[in-house]
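Got the viewer open? Here is a short tour, one selection at a time.

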Amino acid sequence: MEIKEQLHQSIQEINTAFKTIVTINELNDLKAKYLGKKGVFSQWMLEMKNLPVEEKPQFGQAINIAKAEIMSLFEDFYSQIEQREINEQLAKEVVDISLPGRKFPVGAKHLVSQVIEEVEDLFIGMGYTIKEGPEIEQDLYNFEMLNLPKSHPARDMQDSFYITEELLLRTHTSPVQIRTLLENGGNKPIKIICPGKVYRRDDDDQTHSHQFTQIEALVVDHESTLADLKGTLLLLAKKMFGEDRQIRLRPSYFPFTEPSVEVDISCYKCNGKGCSMCKGSGWIEILGGGMVNNAILEATGYDSKHYQGFAFGVGVERLAILRYGIDDIRAFYINDLRFNQQFK
Ligand code: PHE
């Protein structure tokens, strides 16, 4: 049948045309040519009017079959082109995983944090727990309950930043010890270290800073003696400044400890012979401590007949300055990365 041949021809034409098609647009044009309003199939539908009635059904059926065939050809082709475009896109976006990566700058933990962690490690190993407290503190805990009443001349040693009459930036971490003593209600042993920032009015220069970091320790038990304090500090000295270190205690004064001591380590530069580091004495002062004043135990509910304790406080920057020969305390706060990066 002539018309069937024509249809067959159309399908072949389309097949050949497909071979040259690259883009979806070209495909759309081709589709319009055959299936559009003015396309080949519309033409045939018009022609159907001129046929004798008995031929119409057969002709219509043939057109429908051919149309379905061509539509499915288009659909196949659409998905082929789509797939090809996706593949091209993927090929364009391929990531070369063999390229060397871009380097991100890696920070260094601040030296103060490192020293705190080192000291914490040592003390945790000895059964201490870590206690922290607020940097804005009550005069009551920072001074009063530490045996430093308002009129006490030793308050001058710690010129303070007051916020109100009763609130100040803590001048040491000893108030954390008072808080812990009070919390424990007078009948529990205590073994803590308290690291943290402290503040004292000072004119900043190479050796002075209005802000620094302390670690204080407090041990309260039925028997905790000055000898225990000395043994503990010897361990700290060895850990921070080497196995050969020795320590010595000199009498000193703090209102919150009695007796009080100043603690020196044997000079790690000359091993005690005397050099510029230790100003010829063979010893370097590192911290203060002593036996907790009974008045403080009593005021916080501990019976000083059954409990005694020792405490000490050490400056973190001081430890680092000595250990690494840092000549300006301000280096800890300026946050010059060249300084920080040296202690990775
Ligand atoms: N709180 C003291 C200071 O900051 C240090 C210290 C702590 C001394 C504990 C003795 C006992 O100077």
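For the contacts on this tour, a polar contact is a pair of N or O atoms within 3.5 Å. Keep in mind that this is a predicted model.

Start with the ligand and select Glu216: an N or O atom in the Glu216 side chain sits 2.7 Å from a nitrogen atom of the ligand. Next, click on His172, where a polar side-chain atom is 3.0 Å from a ligand nitrogen. Then pick Ser174, which also places a polar side-chain atom 3.0 Å from a nitrogen atom of the ligand. Now switch on a surface: of the 320 Å² of accessible area that the ligand has on its own, the protein covers 93%.

Widen the selection to the shell. There are 14 residues around the ligand, and those that come nearest are His172, Ser174, Arg200, Gln214 and Glu216. Colour the shell by class and you should get eight polar, four nonpolar and two charged residues.

Which elements give two or more residues to the shell around the ligand? Select β5 (211-221), β8 (283-292) and β9 (308-315) to see them. Of the elements, β9 gives the most, with three residues.

Last stop: leave the ligand and go to the surface. Select Ile136, Ile163 and Leu167, a nonpolar patch with about 250 Å² of accessible area together. Zoom in on Leu167, which belongs to strand β3 (residues 167-169). Is Leu167 buried or partly exposed? Leu167 counts as partly exposed because its relative accessibility is 31%, and that class runs between 20% and 50%.

Methods
Residues numbered from 1 in each chain as written. Predicted model: local features only at pLDDT ≥ 70, side-chain atom pairs only at ≥ 80, totals over all residues. Heavy atoms only, no water. Patch = residues over 30% accessible without salt bridge, like charges linked within 9 Å, V, L, I, M, F, W, Y side chains within 5 Å. Areas by Shrake-Rupley, 256 points an atom, 1.4 Å probe, with all protein chains shown as cover. Salt bridge = Lys/Arg side-chain N within 4 Å of Asp/Glu carboxyl O. Helix = DSSP H or I, 4+ residues; strand = E, 2+ residues; numbered from the N terminus. Buried < 20%, exposed > 50% of the residue type's maximum accessible area, 1.4 Å probe, protein only. Near = heavy atom within 4 Å. Polar contact = N/O pair within 3.5 Å; in protein donor to acceptor, adjacent residues only side chain to side chain. Nonpolar A, V, L, I, M, F, W, Y, C, P; charged D, E, K, R; others polar.
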